[in-house]
Amino acid sequence: MGGKVAMAFVLQYPAQLKSLIVMDVAPVAYDHSYAVLIDALLALPVATLASRDEANERLANTIPEAALRTFLLQNLHRQESGYAWRFNLPTIKASLVEIVAFPTFPPGAQYCGPSLFLAGENSDYIQAAYHPQIKSLFPAGRIHTIADARHWLHAEKPQSVLDELTTFLAA
């Protein structure tokens, strides 16, 4: 979601940014639905959890990927009265149609500054079919694939992502 916001912002206000980095998302509308994940998180009785480990165990049946659970559970924080989510899950659920969409821009809208698009090799968020749309809106954009990574590439391959970011920012 952050990458879509950054792309939309820079296409509206291209003079406001020096460069752009987008991680594993393209300027397209997606068919993905996170409803299953959101419903699993909403069903978790966070106020009565004894520990983050308990939350992890309870989510294991509906979210079998341990790395994804770990990533999502970073947003679970302890309060005086138990645990709570850092994000507003009901609002996210109600806004899924808008979240997976991408706004339409006038013909010729572009950001010509340096842009890096990091794609997870095992993710379907930056497919080859989306490259023309990326190049159309971001003509100076470079697409780099992170090996053996899925959508949450920064959580799965942090060193590879850091290496690419360092190289891009040093240029």
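**Entry 1. Overall**

How many helices and how many strands does the protein have? I counted nine helices and five strands. The model is a predicted one, and I kept that in mind throughout. Read along the sequence, I got the pattern α-β-α-α-α-β-β-α-α-β-α-β-α-α.

I then took the overall extent. The C-alpha trace spans about 50 × 35 × 30 Å along its principal axes. The protein has 171 residues, and 39% of them count as buried. The exposed area comes to about 9600 Å², with carbon and sulfur atoms supplying 56% of it. I also looked at contacts between residues at least 6 apart in sequence: 69% of these join residues at least 24 apart.

**Entry 2. The sheet**

I looked up the strand order next. Three strands form an open sheet in the order β1-β4-β5, and the pairing is parallel. β1 (20-23) and β5 (141-146) are at the edges; each has a single partner strand, so one side of each lacks a neighbour in the sheet. From one strand to the next I noted an average twist of 20°.

For the pairing of β1 with β4, I found four bridges in the parallel sense. One residue pair I checked here is V22 in β1, whose bridge partner in β4 is F117.

β4 (residues 115-120) and β5 also run parallel, and six bridges join them. I looked at two positions along this pairing. S115 stands opposite G141 in β5, and G120 stands opposite I146 in β5. From β4 the chain crosses through helix α7 (residues 131-137) to β5, and I recorded this β-α-β crossover as right-handed.

**Entry 3. Side chains along β1**

Which side chains of β1 are buried, and which are not? In a regular strand the side chains alternate between the two faces of the sheet. I found this alternation along β1: L20 and V22 point to one face and are buried. I21 and M23 point to the other face and are not buried.

**Entry 4. Helices across the sheet**

I checked two helices that lie across sheet strands. Helix α1 (residues 2-12) lies across β1 and β4, and runs at about 150° to β1. Helix α9 (residues 158-170) lies across β1, β4 and β5, and runs at about 165° to β4.

**Entry 5. Aromatic rings**

I went through the ring pairs, taking centres within 6.5 Å as the cut-off. The count by this rule is seven aromatic pairs. In one of them, Y30 and Y130, the ring centres are 5.9 Å apart and the planes stand at 85°, so I logged the pair as edge-to-face. This pair links distant parts of the chain: Y30 is in the loop between β1 and α2 (35-43), Y130 is in the loop between β4 and α7, and 100 residues separate them. Y30 and Y130 are both buried. W85 and F87 make another pair; their ring centres are 5.5 Å apart and their planes are at 10°, so this pair is stacked.

Are W85 and F87 buried or partly exposed? W85 has 14% relative accessibility and so counts as buried. F87, at 23% relative accessibility, counts as partly exposed. The cut-off that decides this is 20% relative accessible area, under which a residue is called buried.

I returned to Y30 and Y130 to see what else they join. Ring pairs link Y30, Y125 and Y130 into a cluster.

**Entry 6. A147**

Where is A147 found? I placed A147 in the loop between β5 and α8 (153-156). A147 has a relative accessible area of 46%, so A147 is partly exposed. Leaving out residues up to four places away in sequence, A147 touches E121 and K157. For A147 and E121 I also took the C-alpha separation: 5.2 Å, with the two positions 26 residues apart along the chain.

**Entry 7. D53**

I looked up D53 last. D53 lies in helix α3 (residues 52-59). Relative accessibility for D53 is 56%, so D53 counts as exposed. I took the separation of D53 from E164 too: the two are 33 Å apart in space, C-alpha to C-alpha, and 111 residues apart in sequence.

Definitions and conventions: Residues are numbered from 1 along each chain as its sequence is written. This is a predicted model: local features need pLDDT of at least 70, side-chain atom pairs count only at pLDDT 80 or more; totals for chains, interfaces and linings use all residues. Side-chain values use heavy atoms; hydrogens and water are left out. Two strands pair if DSSP finds at least two bridges between them. Axes are lines fitted to C-alpha atoms, for helices over the stretch in contact, and angles run from 0 to 180 degrees between N-to-C directions. Contact means heavy atoms within 4.5 Å. A crossover is right-handed if, with the strands pointing away from the viewer, the path from the first strand over the helix to the second runs clockwise. Rings of Phe, Tyr and Trp (its six-membered ring) pair if their centres lie within 6.5 Å; planes under 30 degrees apart count as stacked, over 60 as edge-to-face and the rest as tilted. Buried means under 20% relative accessible area, exposed over 50%, partly exposed in between (1.4 Å probe, protein chains only). Accessible areas come from the Shrake-Rupley method with a 1.4 Å probe; for residues, only the protein chains shown count as cover.
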